[in-house]
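This briefing is meant for reading with the sequence and the coordinates side by side. Please keep both in view while going through the points below.

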Amino acid sequence: QVQLVESGGGLVQAGGSLRLSCAASGRTFGSYAMGWFRQAQGKEREFVAAISKMGTSTDYVDSVKGRFTISRDNAKNTVYLRMNSLKADDTAVYYCAAALNTRYSGVYTNAVSYTDWGQGTQVTVSS
């Protein structure tokens, strides 16, 4: 099990940028594939971005491709989500998630694959 703490959310104008961080506890961070999900008010939680254990593979929901970048620093037990050209539709609570898998080297885009979740950080984009 790993504990996850997100930070970096806030209020930003449309077109602006934010960088979310997710700090993980424990010594086996490099064994976890990581993902970012978001949930807007009144909507279901949706996949945003994912990164493999070693950071060699990434995937994104179509709506953020070219604007968001997921990355990780295994030495710092941290995963990041850089968000550029933000839109009002990006307003949501953003959650970091971890999926332990010692054999699979790819990414997970389905929430059910993730076993550990952070508490979320609010991102509000004003138009």
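What follows covers charged side-chain pairs first and unusual backbone angles second.

The model is a predicted one, and four salt bridges are found in it. Arg38 belongs to a network of salt bridges that also takes in Glu46, Arg67 and Asp90, while a further pair is formed by Asp62 and Lys65. Two residues that are not glycine, Asn77 and Ser85, have a positive phi.

**The network around Arg38**

- Side chains of opposite charge can pair when their charged atoms come close.
- Arg38 forms a salt bridge with Glu46, in which the closest N and O atoms are 2.6 Å apart.
- The two partners differ in their surroundings, because Arg38, with a relative accessibility of 5%, falls under the 20% limit and counts as buried, whereas Glu46, at 30% relative accessibility, counts as partly exposed.
- Arg38 also forms a salt bridge with Asp90, and here the closest N and O atoms are 2.9 Å apart.
- Asp90 lies in the loop between strand 8 (78-83) and strand 9 (92-100), and Arg38 lies in strand 4 (residues 32-39), so this pair ties together parts that are 52 residues apart in sequence.
- In this second pair both residues, Asp90 and Arg38, are buried.

**The pair Asp62 and Lys65**

- Asp62 and Lys65 form a salt bridge whose closest N and O atoms are 3.1 Å apart.
- Asp62 has a relative accessible area of 61%, and because this is over 50% the residue is classed as exposed.
- Lys65, for its part, is partly exposed, with a relative accessible area of 46%.

**Positive phi outside glycine**

- Most residues other than glycine have a negative phi, which is why the exceptions are listed here.
- Asn77 is not a glycine, yet its phi is positive, at about 55 degrees.
- The position of Asn77 is in the loop between strand 7 (68-73) and strand 8, and with a relative accessibility of 17% Asn77 counts as buried.
- Ser85, likewise not a glycine, has a positive phi of about 50 degrees.
- Ser85 is placed in the loop between strand 8 and strand 9, and at 39% relative accessibility Ser85 counts as partly exposed.
- The loop between strand 8 and strand 9 therefore appears under two headings in this briefing, since Asp90, a salt-bridge partner of Arg38, lies there and Ser85 has its place there too.

How values were computed. Residues are numbered from 1 along each chain as its sequence is written. This is a predicted model: local features need pLDDT of at least 70, side-chain atom pairs count only at pLDDT 80 or more; totals for chains, interfaces and linings use all residues. Side-chain values use heavy atoms; hydrogens and water are left out. A salt bridge is a side-chain nitrogen of Lys or Arg within 4 Å of a carboxyl oxygen of Asp or Glu. Buried means under 20% relative accessible area, exposed over 50%, partly exposed in between (1.4 Å probe, protein chains only). Helices (H or I, at least four residues) and strands (E, at least two) are DSSP runs, numbered from the N terminus.
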